[in-house]
Amino acid sequence: MGNSNVIPRAGKVKPPFPYHTPQMSVVAASTANVDESFAPAIIDGVSLVSGQRVLLKDQTSAIENGVYVFNGAGNPMPRASDLDNDSEFKYGVKVYVREGTANADTTWKLTSDNVTVGVDDINFSKIGEVGGTGTSNTL
């Protein structure tokens, strides 16, 4: 049926793999600074269960923003293994938030690029919500 990189109706070329921006999922996202060294039991109204992933996007120090894994209330939360080193922080990575009072069904895009973890600011912008207007808020 021809070139598989051409979208038939639009006639536009699909971007090749290197431009693919992966999307990951988390159960909840922060609405304020969270002490990732002493995790709270609840984030954005969601009672967390050990092993669940959360997006911390409102840290007082933006170098601490990112996706973390909840390991029980009062325990440290490590960065998620798929977003914990410099090479994984690429502009456009998307994070979908499934639950929460303020952030349920929203998608956030990483707006930082070439990040050195622990040195550079990590910023996310809201790019959409299910049933919402898809407005963008840079944090």
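Contact means that heavy atoms lie within 4.5 Å. The exercises below use a predicted model.

**Exercise 1. Describe the surroundings of Pro 76.**

Solution.
Step 1. Locate the residue: Pro 76 lies in the loop between S6 and strand S7 (94-97).
Step 2. List its contacts. Leaving aside neighbours within four places in sequence, Pro 76 is in contact with Glu 36, Ser 37 and Asn 71.
Step 3. Look at the backbone. Pro 76 and Phe 38 are 38 residues apart along the chain, while their C-alpha atoms are separated by 5.1 Å.
Step 4. Decide on burial. Exposed means over 50% relative accessible area. Pro 76 has a value of 52%, so this residue counts as exposed.

**Exercise 2. Is Gln 59 buried or exposed?**

Solution.
Step 1. Find the place: Gln 59 is in the loop between S5 and S6.
Step 2. Apply the cut-off. Buried means under 20% relative accessible area. The value for Gln 59 is 6%, so Gln 59 is buried.
Step 3. Name what surrounds the residue. Without counting neighbours within four places in sequence, Gln 59 is in contact with Ala 32, Asn 33, Val 34, Glu 36, Glu 64 and Asn 65.

**Exercise 3. Give the elements of the protein chain in overview.**

Solution.
Step 1. Count: the protein chain has 10 strands and 0 helices.
Step 2. Read from the N terminus on; the elements run β-β-β-β-β-β-β-β-β-β.
Step 3. Turn to burial: of the 139 residues in the protein chain, 35% are buried.
Step 4. Consider the surface. The protein chain exposes about 7,700 Å², and carbon and sulfur atoms supply 53% of this area.
Step 5. Consider the contacts with a separation of 6 or more. Residues 24 or more positions apart account for 47% of them.

**Exercise 4. In which order do the strands of the 3-stranded open sheet stand?**

Solution.
Step 1. State the order, which is S2-S5-S6, with mixed pairing.
Step 2. Identify the edges. Strand S2 (28-29) and strand S6 (66-69) each have a single partner strand, so each has one side without a neighbour in the sheet.
Step 3. Take the parallel pair. S2 and strand S5 (residues 53-56) are joined over 2 bridges in the parallel sense. Ala 28 has Val 54 in S5 as its bridge partner, and Ala 29 has Leu 55.
Step 4. Take the antiparallel pair. S5 and S6 pair over 4 bridges in the antiparallel sense. Here Leu 56 stands opposite Gly 66 in S6.

**Exercise 5. Which strands pair with S8?**

Solution.
Step 1. Begin with S7: this strand runs antiparallel to S8, and 4 bridges join the two. Tyr 96 stands opposite Thr 107 in S8.
Step 2. Continue with strand S9 (residues 124-129), which is joined to S8 by 5 bridges and is also antiparallel to it. Leu 110 stands opposite Phe 124 in S9.
Step 3. Check the cover of S8. This strand is mostly covered, with 4 of its 5 residues buried.

**Exercise 6. Describe the nonpolar cores.**

Solution.
Step 1. Take the largest nonpolar core, which has 17 residues. Leu 55, Val 67, Val 95 and Phe 124 touch the most other members.
Step 2. Ask which strands contribute. Strand S1 (23-26), S6, S7 and strand S8 (106-110) each supply at least two residues of this core.
Step 3. Follow one member. Outside its neighbours within four places in sequence, the contacts of Val 67 include Met 24, Val 26, Leu 55, Leu 83 and Val 95.
Step 4. Add the other core. Apart from the largest core lies another of 12 residues, including Val 34, Ile 43, Val 54 and Tyr 68.

**Exercise 7. Where is Thr 31, and which residues does Thr 31 touch?**

Solution.
Step 1. Thr 31 has its place in the loop between S2 and strand S3 (42-43).
Step 2. Not counting residues up to four places away in sequence, Thr 31 touches Asp 44, Asp 58, Ala 102 and Asn 103.
Step 3. Compare positions in sequence and space. Thr 31 and Lys 57 are 26 residues apart along the chain, and their C-alpha atoms are separated by 7.7 Å.

**Exercise 8. How many aromatic pairs are in the whole structure?**

Solution.
Step 1. A search of the whole structure finds 0 aromatic pairs.
Step 2. Look next at a charge over a ring. The charged end of Lys 57 sits over the ring of Trp 108, 4.5 Å from the ring centre.

Note on methods. Residues numbered from 1 in each chain as written. Predicted model: local features only at pLDDT ≥ 70, side-chain atom pairs only at ≥ 80, totals over all residues. Heavy atoms only, no water. Pairing = 2+ DSSP bridges. Phe/Tyr/Trp six-rings, centres within 6.5 Å; stacked < 30°, edge-to-face > 60°. Lys NZ or Arg CZ within 6 Å of the ring centre and 35° of its normal. Buried < 20%, exposed > 50% of the residue type's maximum accessible area, 1.4 Å probe, protein only. Areas by Shrake-Rupley, 256 points an atom, 1.4 Å probe, with all protein chains shown as cover. Core = buried A, V, L, I, M, F, W, Y, C linked by side-chain atoms within 4.5 Å.
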